[in-house]
Amino acid sequence: MKKLILTAALALPVMAMAQETFTVSGKVGTKNAPVKAFISYRVGADAVSDSVEIVNGAYKFTGTAPKYTSAFVTVKYPPVPGADPKKRTPADAFQVYLDKTIILNSADSIKKSTVSGSKVNEENFAFKALLAPANAGMAALNAEYTSKTPEERKNQDFIKSLNDRAGVLNKQTADINKSYWESHTNTYIGLVAFRSAIGYNINDEVVQPQFDKFTADIKATELGKNISNMIEAARKTKIGAMAMNFTQNDVNDKPVSLSDFKGKYVLVDFWASWCGPCRAENPNVVATYNEFKDKNFTVLGVSLDQPGKKEEWLKAIKDDNLNWTQVSDLQYWNNAVAKQWGINAIPASFLIDPAGKIIGKNLRGDELKKKLAEVLAAQAPK
């Protein structure tokens with residue numbers, strides 16, 4: 001057994017988390033070395049992994065981690081002779097929540113395991129079974145899209161059909177999540193369903209009373225604390241709230257504060273060079289900036305680019321013609337401003353008025369232009 005702990009290069013403030021001992025054991029047919037089993041999970045800023053050789057199909061992991069930490073148990077096989085090295089083999093993995101005792105068993109593949117010995121994992125197994133038909137339907141849609149030629153993918157009737165069918169499946173998933181959490185407010189998997197149901201752009205006035213229905217012990221879990229933090233961040237960044245000030249370094253490593261832009265309309269734009277939807281939205285932001293930059297409007301970009309990837313960030317700025325101030329601490333999802341503002345998905349943006357008040361959120365495409373035209377017309381002399 002070889003355990004590896006990778007600590008983030010930059011120390012981050014992490015809340016103390018109570019550790020509990022866990023055991024994950026199982027059997028995958030009658031497999032033997034060189035087949036290995038791996039387990040991986042995160043504790044605060046640390047990525048933890050462990051591996052063991054499988055003997056007569058059996059493997060076992062023990063360790064300590066906060067209760068209900070999400071982990072993946074993976075079985076890795078030696079390369080198949082003659083196989084195309086460029087062709088990716090789907091991972092043979094099974095997700096668990098670390099608990100005192102977890103037993104996995106399968107005749108062949110770990111992803112087909114049954115689970116026992118752990119109430120939370122047994123509940124999760126049953127919950128995933130409820131979601132399986134919709135997930136299978138979505139996988140089929142993705143496969144259908146992938147099978148089409150580039151020209152066929154441009155067909156608007158095909159795209160509309162695909163989106164309509166995806167909408168039906170998304171509603172099925174949403175209905176299952178809602179029904180499940182409402183009847184399981186005393187279980188961790190109920191909280192998992194709740195987290196999926198509320199999404200990322202939440203309304204604190206709606207989500208807070210729903211969250212309050214969960215029992216105190218469930219709300220005290222790490223996931224519960226994260227949701228509580230999301231609600232608090234949503235409260236502080238709602239339309240009508242005063243924008244929280246922040247300071248972060250620009251591309252030349254000079255500190256820039258949001259307060260430096262007081263007196264202007266400012267779009268605080270959270271994005272990253274690696275974020276496809278962000279890059280797709282950038283032309284709209286550029287067009288809006290060019291139209292309104294001489295009308296007391298500017299953009300302040302906050303990038304969630306990764307450590308050691310400054311060149312990628314700078315290249316994206318140049319390639320996308322983002323001719324406004326950009327800041328980042330290059331700490332990916334641990335970006336200090338993103339955490340302060342409760343950012344859980346990007347692109348995300350906030351339109352702030354000259355007094356520092358938030359007057360718009362996540363305005364996409366022409367919505368930002370329309371909002372700016374509206375507020376500028378309202379303040380124009382009569």
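Visitor: What share of the 382 residues of the protein chain counts as buried, and what makes a residue buried?

Guide: In this predicted model, 42% of the 382 residues count as buried. The word applies to a residue with under 20% relative accessible area.

Visitor: How many helices and strands are there in the protein chain, and what makes a run of residues count as one or the other?

Guide: The protein chain has 10 helices and 16 strands. A helix needs at least four residues and a strand at least two. The C-alpha trace spans about 80 × 55 × 45 Å along its principal axes. Of the contacts between residues at least 6 apart in sequence, 67% join residues at least 24 apart.

Visitor: Why are α1 and α2 called parallel or antiparallel?

Guide: Helix α1 covers residues 119–147 and helix α2 covers residues 156–182; their axes cross at roughly 175 degrees. Angles over 145 degrees count as roughly antiparallel, and α1 and α2 are therefore roughly antiparallel to each other.

Visitor: How do you know that α1 and α2 are in contact, and which residues make the contact?

Guide: Contact means heavy atoms within 4.5 Å. On the α1 side the residues include F127, L130, L131 and M138. On the α2 side they include F158, I159, L162 and L169. The axes themselves come within 10 Å. By class, the contact has 14 nonpolar, five polar and three charged residues.

Visitor: What makes a space in the structure a cavity, and how many of 30 Å³ or more are found?

Guide: A cavity is a set of points where a 1.4 Å probe fits but cannot get out. The search of the whole structure finds two cavities of 30 Å³ or more. The largest has about 60 Å³ of space, and the second largest has about 40 Å³.

Visitor: What makes a residue part of the lining of the largest cavity, and which residues are these?

Guide: A lining residue has an atom within 4 Å of a point of the cavity. For the largest cavity, the lining includes L267, D269, E281, N284 and P347. The elements giving two or more residues are β12 (265–271) and α7 (276–292). The largest share, four residues, comes from α7. Five lining residues are nonpolar, four polar and three charged.

Visitor: Which residues line the second largest cavity?

Guide: Among them are E20, T21, F22, A65 and P66. Strands β2 (19–28) and β5 (58–66) are the elements that give two or more residues, and β2 gives the most, with three. The lining has four nonpolar, one polar and four charged residues.

Visitor: Which peptide bond, with omega about 5 degrees, is cis?

Guide: That bond joins I346 and P347. P347 is found in the loop between α9 (336–340) and β15 (348–352), and P347 also lines the largest cavity. Another cis bond runs from A33 to P34, with omega near 15 degrees. P34 is in the loop between β2 and β3 (36–43).

Visitor: Why is N296 called buried, partly exposed or exposed?

Guide: N296 has 29% relative accessibility. Under 20% would be buried and over 50% exposed, so N296 counts as partly exposed. N296 lies in the loop between α7 and β13 (297–303). Phi of N296 is near 70 degrees, a positive value in a residue other than glycine.

Visitor: What is the phi of D253, and where is D253 placed?

Guide: D253 is not a glycine, yet has a positive phi of about 65 degrees. D253 is in the loop between β10 (247–249) and β11 (255–257).

Technical notes. Residues numbered from 1 in each chain as written. Predicted model: local features only at pLDDT ≥ 70, side-chain atom pairs only at ≥ 80, totals over all residues. Heavy atoms only, no water. Axes fitted to C-alpha atoms, helices over the stretch in contact; angles between N-to-C directions. Parallel < 35°, antiparallel > 145°, perpendicular 65-115°, else oblique. Nonpolar A, V, L, I, M, F, W, Y, C, P; charged D, E, K, R; others polar. 1 Å grid on protein atoms, 1.4 Å probe; cavity = no way out; pocket = protein on both sides within 12 Å on 5 of 7 lines; lining within 4 Å. Points joined across faces, edges and corners; volume = space filled by probe spheres on them. Buried < 20%, exposed > 50% of the residue type's maximum accessible area, 1.4 Å probe, protein only.
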